[in-house]
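Visitor: I have a structure to go through and a few short questions about it. Could you take me through some of its residues and elements?

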Amino acid sequence: MSPSQIEVIGYIGSVLVAVSLMMKSLLRLRVINLFGATFFMTYGILLEAYPVAFLNGLIVCIDLYYLYQMWRQKDFFTFMEVKPTSDYLRTFVEFYRDDISSIIPNYTYHVEDPLICFFILRNMVPAGLFIAKVEGVQAHVKLDYVIPNYRDFKVARFIFEENSMFFIQRGILRFVSEDGSDFHRKYLERMGFVRSGEMYVHEIGNRILQDGGF
């Protein structure tokens, strides 16, 4: 292998490690960092810079260990329903206001009736917040938000696939939602929402995730 090709491997490793540090999702950080460290380990071996190869080999092992722990961890999910006037709900929305605005630019916090509001607790951590206005048999989704560290679609699967009866028992058979940002549109489409005019529609009971993972 020529020196220029070896250099390219080093640059690829550098870029991947740098990109991994910009990830909000811990899973993405570990996966991308794993590839970056693998390139750096290869780079060190080819240059016979064995301390570099050893260090990055160690990082590869650490990333693999933590990815295995993530894979085998069994998360506990539950709903915590709250009133629209909840002080904690209002504080939560205010704390994540900028991130929410980047995903759903038109969302503003209003106390309306009849709203259903609940937090999705993941291992007792408030990982997501769902707010919808009930209109007959349909729920107009005002906010479906997951905090950055938990965006692996497990929260979405828990709400829409595993607990559809939560909504059916309340007489809700359909979700409708505005599109929001490009990120939010892709999220809705991946969940199985279908565009109908200016809204996205999802019939409760349909499988929302068309593939697994993130």
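Guide: Certainly. This is a predicted model. One place to begin is His 140, which touches Ile 131, Ala 132, Lys 133, Glu 135, Val 176, Glu 178 and Met 199, leaving aside residues up to four places away in sequence.

Visitor: Where is the place of His 140?

Guide: His 140 lies in strand β4, which covers residues 138-146.

Visitor: Is His 140 buried or exposed?

Guide: His 140 counts as buried, at 11% relative accessibility, because the cut-off for buried is under 20%.

Visitor: And with which side chain does the side chain of His 140 make a polar contact?

Guide: The partner is the side chain of Glu 178, at 3.0 Å. Glu 178 is also among the residues that His 140 touches.

Visitor: Let us move to the helices. At what angle do the axes of α1 and α2 cross?

Guide: The axes of α1 (residues 3-20) and α2 (residues 26-47) cross at roughly 155° and come within 8 Å. Angles over 145 degrees count as roughly antiparallel, and α1 and α2 are therefore roughly antiparallel to each other.

Visitor: Is the crossing of α1 and α2 left-handed or right-handed?

Guide: The crossing of these two helices is left-handed.

Visitor: Which residues meet there, in α1 and in α2?

Guide: On the α1 side they include Ile 6, Ile 9, Gly 10, Gly 13 and Val 17. On the α2 side they include Leu 29, Phe 35, Phe 39, Phe 40 and Tyr 43. By class, the contact has 15 nonpolar, seven polar and one charged residues.

Visitor: You mentioned Gly 10. What does Gly 10 touch?

Guide: Gly 10, in helix α1, touches Phe 40 and Tyr 43, not counting residues up to four places away in sequence. Gly 10 is buried, with a relative accessible area of 6%.

Visitor: How many residues apart in sequence are Gly 10 and Ile 59?

Guide: They are 49 residues apart in sequence, and 16 Å apart in space from C-alpha to C-alpha.

Visitor: A change of topic, to backbone angles. Which value is phi of Met 124 near?

Guide: Phi of Met 124 is near 70°, a positive value in a residue other than glycine. Most residues other than glycine have a negative phi. Met 124 sits in the loop between β2 (115-122) and β3 (125-135), and is exposed, with a relative accessible area of 54%.

Visitor: And what about phi of Phe 153?

Guide: Phi of Phe 153 is positive too, near 75°. Phe 153 is in the loop between β4 and α6 (154-162). Phe 153 is buried, at 10% relative accessible area, whereas Met 124 is exposed.

How values were computed. Residues are numbered from 1 along each chain as its sequence is written. This is a predicted model: local features need pLDDT of at least 70, side-chain atom pairs count only at pLDDT 80 or more; totals for chains, interfaces and linings use all residues. Side-chain values use heavy atoms; hydrogens and water are left out. Axes are lines fitted to C-alpha atoms, for helices over the stretch in contact, and angles run from 0 to 180 degrees between N-to-C directions. Helices (H or I, at least four residues) and strands (E, at least two) are DSSP runs, numbered from the N terminus. Angles under 35 degrees count as roughly parallel, over 145 as roughly antiparallel, 65 to 115 as roughly perpendicular and the rest as oblique. A crossing is left-handed if the near helix is turned anticlockwise from the far one by less than a right angle, and right-handed if clockwise. Contact means heavy atoms within 4.5 Å. Ala, Val, Leu, Ile, Met, Phe, Trp, Tyr, Cys and Pro count as nonpolar, Asp, Glu, Lys and Arg as charged, and the others, Gly among them, as polar. Buried means under 20% relative accessible area, exposed over 50%, partly exposed in between (1.4 Å probe, protein chains only). A polar contact is a pair of N or O atoms within 3.5 Å; within protein, one must be able to donate a hydrogen and the other to accept it, and residues adjacent in sequence count only if both atoms are side-chain atoms.
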